[in-house]
Amino acid sequence: MLEVKCSDDYSVIKNLFKEYSQIKGAEGCFVSFDKELADLAGFYKDGAILVGYEGGEPVGCIAIKKIDAKTCEGKRLFIRPEYRGKGYARIFLNSMIEQARILGYELLTFTTRPDVMKTAYELYKRMDFEETGNDNGVVSMEMSL
């Protein structure tokens, strides 16, 4: 069973983020990645990083980054390959939405690359995220909280 919780175990988080950064085609999602990894607490200040565990093992993550007082950005949804296909992405997304509401945000935004993350993109649409733009294959989406 998957347990998703807010985490400040930066060693685990860095490992998950680094694994995610190795996905072929996802390179564009990691602008200023070194700065982000060097100060995760600062980068995600007033947000959160959620890590999912199955049997005590970290299986994936998702993060919330503050944009302004009412808006946050969902980032870094990643599930290790051996744990995919179990419906965990939906659990991570619902946990992120719930945490963003707890933090007081009214709008959740994010970007994705459907050509690289087709399955995730289709899930976002099924979960009622609205597509708000497409800039050279990078799709912007949002959800009112």
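This passage describes the main pocket, the aromatic contacts and a strand hairpin of a predicted model. Residues are numbered from 1 along each chain as its sequence is written, and side-chain values rest on heavy atoms, with hydrogens and water left out. Because the model is predicted, local features need pLDDT of at least 70 and side-chain atom pairs count only at pLDDT 80 or more, while totals for chains, interfaces and linings use all residues.

A good place to start is the empty space. Rolling a probe the size of a water molecule over the atoms shows where such space is left. A pocket here is an open set of points, on a 1 Å grid over the protein atoms alone, where a 1.4 Å probe fits and with protein on both sides within 12 Å along at least five of seven lines; lining residues have an atom within 4 Å of a point. The volume is the space filled by probe spheres set on the points, which are joined across faces, edges and corners. By this account, the largest pocket has a volume of about 490 Å³. It is lined by 21 residues, and Ile79, Arg84, Ala89, Thr119 and Ala120 are the closest to its centre.

Helices (H or I, at least four residues) and strands (E, at least two) are DSSP runs numbered from the N terminus. Strand 4 (71-79), helix 4 (88-102) and helix 5 (118-126) each give the lining at least two residues, and helix 5 provides the largest share, with six residues. By character, the lining holds 13 nonpolar residues (Ala, Val, Leu, Ile, Met, Phe, Trp, Tyr, Cys and Pro), five charged ones (Asp, Glu, Lys and Arg) and three polar ones (the others, Gly among them).

Next come the rings. Rings of Phe, Tyr and Trp (its six-membered ring) pair if their centres lie within 6.5 Å, and planes under 30 degrees apart count as stacked, over 60 as edge-to-face and the rest as tilted. The whole structure contains six aromatic pairs. One of them joins phenylalanine 43 and tyrosine 44 edge-to-face, at 4.9 Å centre to centre with 70° between the planes. Relative accessible area (1.4 Å probe, protein chains only) is called buried under 20%, exposed over 50% and partly exposed in between. Phenylalanine 43, at 26%, is therefore partly exposed, whereas tyrosine 44, at 4%, is buried.

Another edge-to-face pair brings together phenylalanine 110 and phenylalanine 129, 4.9 Å centre to centre and with 80° between the planes. This pair links distant parts of the chain, 19 residues apart: phenylalanine 110 belongs to strand 5 (residues 107-112), and phenylalanine 129 to the loop between helix 5 and strand 6 (130-135). Both of these phenylalanines are buried. Ring pairs also link Phe17, Phe43 and Tyr44 into a cluster.

Two lysines sit over rings, a contact that requires NZ of Lys or CZ of Arg within 6 Å of the ring centre and within 35 degrees of the ring normal. Lysine 65 lies over the face of phenylalanine 43 at 4.4 Å from the ring centre, and the charged end of lysine 5 is 5.1 Å from the centre of the tyrosine 53 ring.

Finally, strand 6 has zero buried residues among its six. Strand 6 pairs with strand 7 (residues 138-144) in the antiparallel sense over five bridges, where pairing takes at least two DSSP bridges. Aspartate 135 stands opposite valine 138 in strand 7. The two strands form a hairpin with two residues between them, and asparagine 136 in the turn has a positive phi of about 60°. Asparagine 136 is exposed, with a relative accessible area of 74%. Aspartate 128, in the loop between helix 5 and strand 6, also has a positive phi, near 75°, and is exposed at 63% relative accessibility.
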